[in-house]
Amino acid sequence: MILDKEQINSENQSNFDKHNQSFDFLANSLTNKGYDVEGLLKKICDFQVAIPSWALGAGGTRFGRFSYHGEPGTLEQKIEDVGLIHSLTQSAGAISLHIPWDVPEDVQKIKALAKSLGLKFDAMNSNTFQNQHDQEHSYKFGSLCSTDEKARQQAVQHNIDVIRLGEKLGSKSLTVWLADGSSFPGQNNFQTVLKNTQDSLQIIYKTLPEDWKLFIEYKPYEPNFYSTVIQDWGTSFMLANECGPKAYTLVDLGHHLPNTNIEQIVATLMMKGKLGGFHFNDSKYGDDDLTVGSIKPYTLFLIFNELVHGMENNPQNPYPAWMIDASHNLKDPLEDLMQSLEAIRSSYTKALLIDQKALREAQNKHDVTLCQEILQDAYLTDVRPLLERARISKGGALHPLDTYRHLNIRKKLVEQRGKHSMATGL
């Protein structure tokens, strides 16, 4: 299903007057404070977040999965769903494929479809946390870390194959997340499995094209509950350094123990030039993969404060790759993703409004109260009119979620695909 721009424009018409009033008020206020409103709008428009191919269907747990109906049953339909989101929000201009869940049968056809919808291919994602039906060696006791050399070689080759496919699609990076670890003391020798992982990643790294990056993800627990080989950002950072200058740490918001200071991790990695990418979600207890900003919106804002500072002051760090990584167990996945995009761009925009010069002066004077006030002033600013103006300037919807519902898009998807169609992946 592809949206006609006239459908979006028609939905926008009834809301233009209210939008113009709220935008003019905010724009005048920001201009009086010395902000370049046009410059802000350009930065907002340029900020694009990739949608992963596995996020277009209902998520699930080990206890069950409840479909939302009309799910995309093919890669083409997944790309079309991302196209729907992008046409409404103008902020989801890329799709990230997970292999082997979404191997294209016809690469050129898939590239043409994505291009027609204004989409690029973001990072490729390998899968060595599941056994595939036709694989010879099991990952039950590890993949890149495995003490079984043949299983290890199989996992390495899979990652190399993913890189080669990504080259054909125009991707420029590979993300590696490992479930490797142990659930019982004594199950693994920590040094052995870490050394095996390092050696495996170095082999994969050597096959990277010159203009590619390797993103190394980390996670403290799950599916293994005693140890995870790449359990924290420090281990990922160390492995990235061992691989070389094209290897970076990837931060997933859910992959931290409760109350971890993620913004400090972000600042450290950017100072060292090793923050490669960011996976957005939210959590209450652990890797809950909830809608971005639904639980800890102020934490998200503080993280963006460090991201914005790093992007402006750390030229040694490449521009990060942005992606949503969530599980849609209860909501319509497309609605959930649109809510996440709004939360991400809202936090980014608020971070752009932090008076960094005043903040540095307050910090140097040890005026802790004023430091908090400066942050709060930006955080409490209602930036929705800026986000709306950025969307409509690119042909998007003033209110993407309302438009999605008014146009009965989910109902139409169910009619086209059937009630019981199911997305591949998680």
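These are my notebook entries on a predicted model of one protein.

**Overall dimensions**

I began with the chain as a whole. The radius of gyration is 22 Å, which agrees with the value near 22 Å that a compact globule of 426 residues would have. I then looked up the extent of the C-alpha trace along its principal axes and got about 65 × 60 × 40 Å. For secondary structure I noted 16 helices and 11 strands.

I looked up burial next. Of the 426 residues, 55% are buried. The exposed surface comes to about 19800 Å², and 51% of that is supplied by carbon and sulfur atoms. For contacts with a sequence separation of 6 or more, I found that 80% are between residues 24 or more positions apart.

**The annotated domain**

I checked the UniProt record, an unreviewed entry. It lists residues 104-289 under "domain: Xylose isomerase-like TIM barrel". Over that stretch I noted 37% helix and 16% strand. The C-alpha atoms at the two ends of the range are 27 Å apart.

**Cis peptide bonds**

I looked for cis peptide bonds and wrote down two entries. One joins Ile-99 and Pro-100, with omega about 20°. Pro-100 sits in the loop that runs between strand E2 (94-96) and helix H5 (107-116). Another cis bond joins Glu-222 and Pro-223, and here omega is about 10°. I placed Pro-223 in the loop between strand E7 (213-217) and strand E8 (227-228).

**Positive phi outside glycine**

I went on to backbone angles. Gln-90 is not a glycine, yet its phi is positive, near 55°. It is in the loop between helix H4 (75-89) and E2. Is Gln-90 buried or exposed? Its relative accessibility is 15%, so I put Gln-90 down as buried.

Asn-259 is a further non-glycine residue with positive phi, about 70°. I found Asn-259 in the loop between strand E9 (247-252) and helix H9 (262-271). Its relative accessibility is 76%, so Asn-259 goes down as exposed.

**Aromatic rings and charges over them**

I searched the whole structure for aromatic pairs and got 18. One cluster is made up of Phe-47, Phe-278, Phe-280, Phe-304, Tyr-319, Trp-322 and Tyr-348.

I also checked for charged groups over rings. The charged end of Lys-246 is over the ring of Tyr-205, at 5.7 Å from the ring centre. The charged end of Lys-274 is over the ring of Tyr-248, at 5.2 Å from the centre.

**Trp-212**

Lys-246 came up again when I turned to Trp-212. This tryptophan is in the loop between helix H7 (190-206) and E7. I recorded Trp-212 as buried because its relative accessibility is 3%.

Which residues does Trp-212 contact, leaving aside neighbours within four places in sequence? I listed Met-124, Ile-163, Gly-166, Glu-167, Ser-171, Lys-172, Ser-173, Leu-174 and Lys-246. For Lys-246 I also looked up the backbone: its C-alpha atom is 7.0 Å from that of Trp-212, with the two positions 34 residues apart along the chain counted as their separation. The same Lys-246 has its charged end over the ring of Tyr-205.

**His-19**

I found His-19 in helix H2 (residues 16-32). Its relative accessibility is 2%, so His-19 counts as buried. With neighbours within four places set aside, His-19 is in contact with Pro-385, Glu-388, Arg-389, Ile-392 and Leu-398.

**Ser-346**

My last residue was Ser-346, in helix H11 (residues 333-352). Ser-346 has a relative accessible area of 15%; the cut-off for buried is under 20%, so Ser-346 is buried. Neighbours within four places again left aside, its contacts are Val-383 and Leu-387.

How values were computed
Residues numbered from 1 in each chain as written. Predicted model: local features only at pLDDT ≥ 70, side-chain atom pairs only at ≥ 80, totals over all residues. Heavy atoms only, no water. UniProt positions renumbered as here; feature names shortened; annotations may be inferred. Helix = DSSP H or I, 4+ residues; strand = E, 2+ residues; numbered from the N terminus. Phe/Tyr/Trp six-rings, centres within 6.5 Å; stacked < 30°, edge-to-face > 60°. Lys NZ or Arg CZ within 6 Å of the ring centre and 35° of its normal. Rg over C-alpha atoms; globule rule 2.2 N^0.38 Å. Buried < 20%, exposed > 50% of the residue type's maximum accessible area, 1.4 Å probe, protein only. Contact = heavy atoms within 4.5 Å. Areas by Shrake-Rupley, 256 points an atom, 1.4 Å probe, with all protein chains shown as cover.
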